[in-house]
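Student: Can we go through this model together? I'd like to start with the ligand and then look at a few helices and loops.

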Amino acid sequence: MSEFGAWLPSGQRSRRKAEELAKRLSVVESRNITDLRDTPPFWTRARGANVEDADGNILLDFGGAFGVSLAGHGHPTIRDAVQRQSDLLLHGMGDIHPPRIKVELLETLNALCPWPDARTILGTSGSDAVESALKTTRLATGRTGILAFEGGYHGLALGALAVTDREHFRVPFVERLSPHVSFVPFPVDAERGLEAVEGVLASQPVGAVIIEPIQGRGGVRIPPAGFLPGLLETAHRHGALVVFDEIFTGLGRTGRRFAGEWEDTVPDVLCLGKALGGGLPLSACVAPATIMEAWPPSAGEAVHTSTFLGHPLGCASGLAFLRVLEDEALAERADVLGRQMLSDLREALTVGPAGNRDVRVRGRGLMIGIELPEPGAAVEAARRALALGLIALPAGPEGRVLELTPPAVLTPDQVNRGLEIVVDAVLRVP
Ligand SMILES: Cc1ncc(COP(=O)(O)O)c(C=O)c1O
């Protein structure tokens, strides 16, 4: 028998304990947080690509817990590092008496980034990294204007929300959001996409252009070839800096260390999160010294910091993740696995005998989207997959894209069974 982590899913055989936990949660958590209408599984333990819920059901995690668990849940190197660190120093004073481990994390992280003189501001959430990037570009260019893309998702803190484009998140708070943000369509055609960018940059003093090199929550949308290099050229010609939000795509997920590499592009500012922390909350805004030195040196009160910045456990976990990323060649594994999964899914869902010509399968590495014709269809497919024991999330504004972002440590049996479930769930959606 293989170890837990490499198991096949059992399906959701029982939900009794989940129902009891849902009842308890409903009277203690603000009702806007967890959707309890269709009782979710309550996770109790996880390893590799497996999750066990409170009812003892074994699930196969094709969502990678929001794309975080690229190295698999509870990777032994990461767990050991966190355990060792927790014996030494559980909490420090990030910007005043820095934990020693913060230096080691930053040295390792910066050495993986595409500049010889990288400088980093750490955070604990993806939103934090985006806030830091928006502040950095404001200081470095002196300009207030920001250009962002329709369908983009950069987080829900007020700065990040201002550049996130989804009515659902924005409408209740719209008057609190920066009025200096313009949106252009996420490109389908490189030339027309660049014309739209040019139109805004030529008419307003924009300091920052922020883009996901592949839109994740927007529905796994890949920009057309040539767009990202053109975006950098256009932005620089107009004196704007380009921020790549690689919080979802970064550090191996798309089969490259950074998704920008697919187009040989290097941004001015890079945001990282999710996978970076190896399962603990950790994010980073990274840029070359020439840009980061727009910030004044800290003299007592840092103008941008937070209580848990450089948290020792997050740093230890992140450092261990970066070692695993390199030692276990996670990006290469994501590339190989992703190509196989994409081709199997295309065959089964679109061209094979049972295939549906209106379904679209796309992706890079282990960031795969299955676009279905009807609004809400991916929500239904995700519900069916979960009943069979597979976790996958719907994406895109209309819930038409089923997003697959599994760990890079799936076994061949898990890939096969997982794809069977995905195909079954997708093809049965009316
Ligand atoms: C591209 C991107 N940026 C930013 C964020 C926000 O990260 P967090 O939820 O950790 O604040 C996300 C989260 O899904 C994301 O996908």
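Tutor: What follows takes the ligand site, then two helices, then some single residues. This is a predicted model, in which local features need pLDDT of at least 70 and side-chain atom pairs count only at pLDDT 80 or more, while totals for chains, interfaces and linings use all residues. Residues are numbered from 1 along each chain as its sequence is written, and side-chain values use heavy atoms, with hydrogens and water left out.

Student: OK, which residues surround the ligand?

Tutor: The ligand has S125, G126, S127, Y153, H154, G155, E212, R217, D245, I247, F248 and K274 around it. A residue counts as near if one of its heavy atoms lies within 4 Å of the molecule.

Student: How does that shell divide into nonpolar, polar and charged?

Tutor: Three are nonpolar, five polar and four charged. Here Ala, Val, Leu, Ile, Met, Phe, Trp, Tyr, Cys and Pro count as nonpolar, Asp, Glu, Lys and Arg as charged, and the others, Gly among them, as polar.

Student: What does the side chain of K274 do there?

Tutor: An N or O atom in the K274 side chain is 2.9 Å from an oxygen atom of the ligand. From the backbone, an N or O atom of S127 lies 2.8 Å from a ligand oxygen, and a polar backbone atom of Y153 is 3.4 Å from a ligand nitrogen. The protein buries 83% of the 390 Å² that the ligand exposes when taken alone. Those areas come from the Shrake-Rupley method with a 1.4 Å probe.

Student: Switching to α5. How many residues does it have?

Tutor: Helix α5 covers residues 126-141, so 16 residues, and reaches 23 Å from its first C-alpha to its last, close to the 22 Å expected at 1.5 Å a residue. The expected span is 1.5 Å times one less than the number of residues. Helices (H or I, at least four residues) and strands (E, at least two) are DSSP runs, numbered from the N terminus.

Student: Is T136 in α5 buried or exposed?

Tutor: T136 counts as buried because its relative accessibility is 0%. Buried means under 20% relative accessible area, exposed over 50%, and partly exposed in between, with a 1.4 Å probe and protein chains only. Apart from neighbours within four places in sequence, T136 is in contact (heavy atoms within 4.5 Å) with I121, C285, I291, M292 and W295.

Student: And α11, how many of its residues are buried?

Tutor: In α11, 13 of the 16 residues are buried, so the rest of the structure largely encloses this helix. Helix α11 runs over residues 312-327.

Student: What comes after α11?

Tutor: A329, with a positive phi near 45°. A329 is not a glycine. Most residues other than glycine have a negative phi. A329 sits in the loop between α11 and α12 and is partly exposed, at 27%.

Student: Where does L251 lie, and what is its phi?

Tutor: L251 is in the loop between β8 (241-245) and β9 (269-272). L251 also has a positive phi, about 65°, without being a glycine, and counts as buried at 1% relative accessibility.

Student: Last one: R357, buried or exposed?

Tutor: R357 counts as exposed because its relative accessibility is 54%. R357 is placed in the loop between α12 (330-351) and β11 (360-364).

How values were computed. A polar contact is a pair of N or O atoms within 3.5 Å; within protein, one must be able to donate a hydrogen and the other to accept it, and residues adjacent in sequence count only if both atoms are side-chain atoms.
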